[in-house]
Amino acid sequence: MNTLIFNASNSLVQQSKKAKMRVNPLNGDGFGIGWYPQHDDPIPGTFVSVEPAWSNRNLGQIASKIPTHHFFAHVRDASVGMPVSQSNCHPFQYGRYLWMHNGRLDQFDLFRRLILNDLSNKAFDFIKGNTDSECAFAIFLDEINFDEEASLEKLKQAMKTTISKINDYRKQVNAETNAFINFALTNRKHSLFTRYSSNADIRPASLFYSQSENSVIVSSEPLSDIKAHWIKVERSTLISIENNKVTTDLLTN
């Protein structure tokens with residue numbers, strides 16, 4: 001993990017201090033990592049903190065000492081009014097799944113109750129923080145019925161339905177500002193990433209991936225300065241990864 005989190009020229013820690021593709025370049029409201037162990041254990045480990053990524057000593061120790069071939073990492077810029085707490089730090093985890101969100105569901109306070117009212121008891125009880133991101137994950141988990149063996153097609157359909165439901169909730173309360181919906185999900189075998197903006201006139205948050213024979217790296221910003229190594233994910237796109245193969249689907253507003 002150290003190579004991407006610390007050593008790359010535009011590493012995650014660098015992006016926590018000065019992101020290049022955001023209006024607000026600072027992501028100092030905590031961080032989190034989730035990784036899948038190399039031994040026979042399908043459940044990922046997680047480590048989150050409310051400290052900035054650049055100042056946490058333990059992150060450097062974990063990133064350099066724990067071997068893994070598959071991990072998520074996130075730096076947080078808390079939405080206005082959202083507490084900075086461990087329960088609000090990404091990635092969120094359920095069983096084999098990890099979930100992250102880059103963006104915000106604008107005017108979330110207007111439709112949060114609608115989401116909570118529609119969740120199953122299991123999904124409602126799963127939520128430990130108060131972010132829009134975790135509520136979106138709860139919607140998704142309900143859509144797959146908390147199935148840890150869900151197929152790639154089932155995961156893709158659930159992701160599309162989750163976004164569609166969020167749009168419907170927003171319409172019910174006349175939330176007309178934009179929702180930035182870059183979701184990330186993995187269960188180690190399958191990984192999904194979205195680049196989406198509810199307002200067709202507003203550019204969604206950035207998303208790129210780099211593919212080699214043995215790996216795929218997905219990041220909000222290119223981690224290196226070699227532009228040819230990075231492919232821009234177009235807006236309103238869902239990318240899925242299985243066995244290092246990347247496929248794309250269109251997301252409709």
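**Exercise 1. Strands S6 and S7**

Task: In this predicted model, find out how many bridges join strand S6 to S7, and which residue in S7 is the bridge partner of Ala184.

Solution: Start with strand S6, which covers residues 179-186. Strand S6 and S7 run antiparallel, and 3 bridges join them. Now look along S7 for the residue paired with Ala184: that partner is Phe193.

Next, step back to see the sheet around this pair. The sheet is open and has 6 strands, in the order S4-S5-S6-S7-S11-S12, with antiparallel pairing. At its edges are strand S4 (92-94) and strand S12 (245-250), each of which pairs on one side only. From one strand to the next, the twist averages 20°.

**Exercise 2. The helix across the sheet**

Task: Which strands does helix H7 lie across, and at about what angle does H7 run to S6?

Solution: Locate helix H7 at residues 152-172. Then follow the strands beneath your cursor: H7 lies across strand S5 (97-105), S6, S7, strand S11 (237-242) and S12. Finally, take the direction relative to S6, which is about 155°.

**Exercise 3. Two helix pairs**

Task: Work out whether H4 and H6 are roughly parallel or oblique to each other, then do likewise for H6 and H7.

Solution: Begin with helix H4 (residues 108-118) and helix H6 (residues 132-143), which pack at an angle of about 30° with their axes 11 Å apart. Angles under 35 degrees count as roughly parallel, so H4 and H6 are roughly parallel to each other. The crossing in which H4 passes H6 is left-handed. On the H4 side, the contact is made by Phe108, Ile115, Leu116 and Asp118, and on the H6 side by Asp132, Cys135, Ile139 and Asp142.

Turn to H6 and H7. Their axes come within 9 Å and cross at roughly 130°. Angles over 145 degrees would count as roughly antiparallel, and 65 to 115 as roughly perpendicular. The pair H6 and H7 is therefore oblique. H6 passes H7 in a right-handed crossing. Here Ala136, Ile139, Phe140 and Glu143 of H6 meet a set of H7 residues, including Leu155, Met159, Ile166 and Tyr169.

**Exercise 4. Ser206 in its loop**

Task: Is Ser206 buried or exposed, and which residues does Ser206 touch beyond four places away in sequence?

Solution: First place Ser206 in the loop between strand S7 (190-195) and strand S8 (208-211). Its relative accessibility is 14%. Buried means under 20%, so Ser206 counts as buried. Leaving aside residues up to four places away in sequence, Ser206 touches Met21, Asn102, Asn182, Arg195, Ser220 and Glu221. Zoom in on Ser220: its backbone oxygen lies 2.7 Å from a polar atom of the Ser206 side chain.

**Exercise 5. Backbone details in the loops**

Task: Where do Asn145 and Asn174 lie, and what is the peptide bond from His90 to Pro91, cis or trans?

Solution: Asn145 has its place in the loop between H6 and H7. Its phi is near 55°, a positive value in a residue other than glycine. With a relative accessible area of 63%, Asn145 is exposed.

Asn174 lies in the loop between H7 and S6. The phi of Asn174 is near 55° and positive, again in a residue other than glycine. At 57% relative accessibility, Asn174 counts as exposed.

Last comes Pro91, in the loop between strand S3 (71-75) and S4. The peptide bond from His90 to Pro91 has omega near 0°, and is cis.

Key
Residues numbered from 1 in each chain as written. Predicted model: local features only at pLDDT ≥ 70, side-chain atom pairs only at ≥ 80, totals over all residues. Heavy atoms only, no water. Helix = DSSP H or I, 4+ residues; strand = E, 2+ residues; numbered from the N terminus. Buried < 20%, exposed > 50% of the residue type's maximum accessible area, 1.4 Å probe, protein only. Polar contact = N/O pair within 3.5 Å; in protein donor to acceptor, adjacent residues only side chain to side chain. Contact = heavy atoms within 4.5 Å. Pairing = 2+ DSSP bridges. Axes fitted to C-alpha atoms, helices over the stretch in contact; angles between N-to-C directions. Left-handed = near helix turned anticlockwise from the far one by under 90°.
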